[in-house]
Amino acid sequence: HLQKVWEVLVINTSAAGHAALKGVLRYVLQDKKTEQNLISGIGDFEVDDQAMDADSIYLDFCRIKKLYRKDSGRQYMHAVQSFPPGESTPEQVHMLGVRLAEKIWPEQQVLIVTHIDRDHLHNHFVINTVSYLDGQKLHWKKQDMENAKQLCNTLCQRAKLSVPMKGMHYNGTRIDIDVKAAWDKNLYQIIQKAQNGEIKSYVADCAKAIVKATKMACSKEEFAADMLGSGWTTIWDEHHKYVTYVNKD
């Protein structure tokens with residue numbers, strides 16, 4: 001969600017194959033991004049927090065996968081929890097990340113790494129898709145994301161940190177575009193950059209037109225006419241699953 005003070009974001013990239021797992025572990029554990037005291041693992045890890053490196057964690061993940069003979073397909077899930085600049089310390093952010101992981105993924109091995117290389121502190125979670133308790137594969141749904149958001153809200157409130165306000169940036173200013181969510185990491189980043197004026201994005205322009213049309217129109221026909229006035233042709237066929245928008249450019 002673009003309007004969050006913090007966010008819990010599932011990185012929806014390819015997570016199949018052992019090379020992808022090794023790659024994400026190496027990325028989150030870079031020395032330039034974190035410190036040893038900001039690295040933790042929950043679940044059935046043989047390596048302790050003070051000795052965690054990408055190779056050791058990779059072997060630990062593989063140990064569980066091989067135990068249950070589930071060594072193929074999606075290898076991990078990667079999620080990020082971010083906080084606004086200046087509101088909390090790295091240690092507090094890391095503690096909140098560990099608590100959140102314990103509540104959301106109690107049956108998985110989860111690596112929690114706090115990155116401190118940006119103005120906004122953020123936690124990376126790398127989750128083994130195979131449960132160490134019963135070997136069940138992890139399935140993540142939109143309702144799980146909503147539950148994570150509510151848990152994160154609760155933990156932040158208890159820590160006396162701010163929580164998201166709909167339609168507001170973390171600094172209290174209003175957001176001028178009401179784009180609700182993007183479930184793909186690349187689309188999410190495109191919309192963010194377009195909002196900041198860094199790039200020209202037809203995706204963001206289309207979203208703005210849709211929000212405007214839904215506020216004005218009282219029928220499908222009025223909606224299509226309003227979209228056309230913004231430069232978008234609407235293809236709305238009752239026999240198709242999705243509405244399609246076409247820009248002449």
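**A friendly tour of the fold and its rings**

The protein chain exposes about 13,700 Å², of which carbon and sulfur atoms supply 51%. The model is a predicted one.

Q: How many helices and strands does the protein chain have?
A: Reading along the sequence gives the pattern β-α-β-α-β-α-β-β-α-α-α-α-β-β. Counted by type, the secondary structure of the protein chain comes to 7 helices and 7 strands.

Q: What share of the contacts in the protein chain with a separation of 6 or more comes from residues 24 or more positions apart?
A: For background on the chain, buried residues make up 41% of its 249 residues. Among contacts with a separation of 6 or more, the share from residues 24 or more positions apart is 67%.

Q: How many of the residues of β5 are buried?
A: Start with one side of the strand, where His-122, His-124, Val-126 and Asn-128 are buried. On the other side, Asn-123, Phe-125 and Ile-127 are buried as well, and both faces are therefore covered by the under 20% criterion for each residue. For β5 the count is 7 of 7.

Q: Which strand forms a hairpin with β5?
A: Strand β3 (residues 76-82) runs antiparallel to β5 and is joined to it by 7 bridges. Another antiparallel pairing, over 6 bridges, is that of β5 with β4. With 6 residues between them, the hairpin partner of β5 is β4.

Q: How far apart in space are Gln-81 and Asn-123, C-alpha to C-alpha?
A: Gln-81 belongs to strand β3 and stands opposite Asn-123 in β5. Thr-114 also stands opposite Asn-123. In sequence, Gln-81 and Asn-123 are 42 residues apart, but in space their C-alpha atoms are separated by 5.0 Å.

Q: Is Gln-81 buried or exposed?
A: The relative accessible area of Gln-81 is 1%. A residue under 20% falls in one class, so Gln-81 is buried.

Q: Stacked, tilted or edge-to-face: which describes the pair of Trp-105 and Phe-125?
A: This is one of the 6 aromatic pairs in the structure. The two ring centres are 5.5 Å apart and the planes meet at 50°. That angle is neither under 30 degrees nor over 60, so the pair is tilted.

Q: How many residues apart are Trp-105 and Phe-125, and where do they lie?
A: Trp-105 is found in the loop between α3 (90-104) and β4 (110-115), and Phe-125 in strand β5 (residues 122-128). Trp-105 and Phe-125 are both buried. The pair links distant parts of the chain, with a separation of 20 residues.

Q: Which residue joins Trp-105 and Phe-125 in a cluster?
A: Ring pairs build this cluster, and Trp-105 and Phe-125 are two of its members. The other residue named in the cluster is Trp-140.

Q: Which parts of the structure does the pair of Tyr-202 and Trp-232 tie together?
A: The two rings sit 6.5 Å centre to centre with 80° between their planes, making an edge-to-face pair. Tyr-202 is partly exposed at 38% relative accessible area, whereas Trp-232 is buried at 6%. The two are 30 residues apart in sequence, so the pair ties together helix α6 (residues 202-216) and strand β6 (residues 232-235).

Q: Which ring does the charged end of Lys-200 sit over?
A: Two lysines are placed over rings here, and Lys-220 lies over the face of Trp-236 at 5.4 Å from the ring centre. The charged end of Lys-200 is 5.4 Å from the centre of the ring of Tyr-202.

Q: Which elements do the buried residues of α6 pack against?
A: Helix α6 has 15 residues and reaches 21 Å from its first C-alpha to its last, close to the 21 Å expected. Its buried residues are Ala-204, Cys-206, Ala-207, Ala-209, Val-211 and Ala-213. They pack against α5 (185-195), α7 (220-229), β6 and β7 (244-247).

Q: What is the phi of Lys-160?
A: Most residues other than glycine have a negative phi. Arg-69, exposed at 79% relative accessibility in the loop between α2 (54-67) and β3, has a positive phi of about 55°. Lys-160 lies in the loop between α4 (142-158) and α5 and is exposed at 75%. Although Lys-160 is not a glycine, its phi is positive, about 60°.

Technical notes
Residues are numbered from 1 along each chain as its sequence is written. This is a predicted model: local features need pLDDT of at least 70, side-chain atom pairs count only at pLDDT 80 or more; totals for chains, interfaces and linings use all residues. Side-chain values use heavy atoms; hydrogens and water are left out. Helices (H or I, at least four residues) and strands (E, at least two) are DSSP runs, numbered from the N terminus. Buried means under 20% relative accessible area, exposed over 50%, partly exposed in between (1.4 Å probe, protein chains only). A charge sits over a ring if NZ of Lys or CZ of Arg is within 6 Å of the ring centre and within 35 degrees of the ring normal. Contact means heavy atoms within 4.5 Å. Accessible areas come from the Shrake-Rupley method with a 1.4 Å probe; for residues, only the protein chains shown count as cover. Two strands pair if DSSP finds at least two bridges between them. The expected span of a helix is 1.5 Å times one less than its number of residues.
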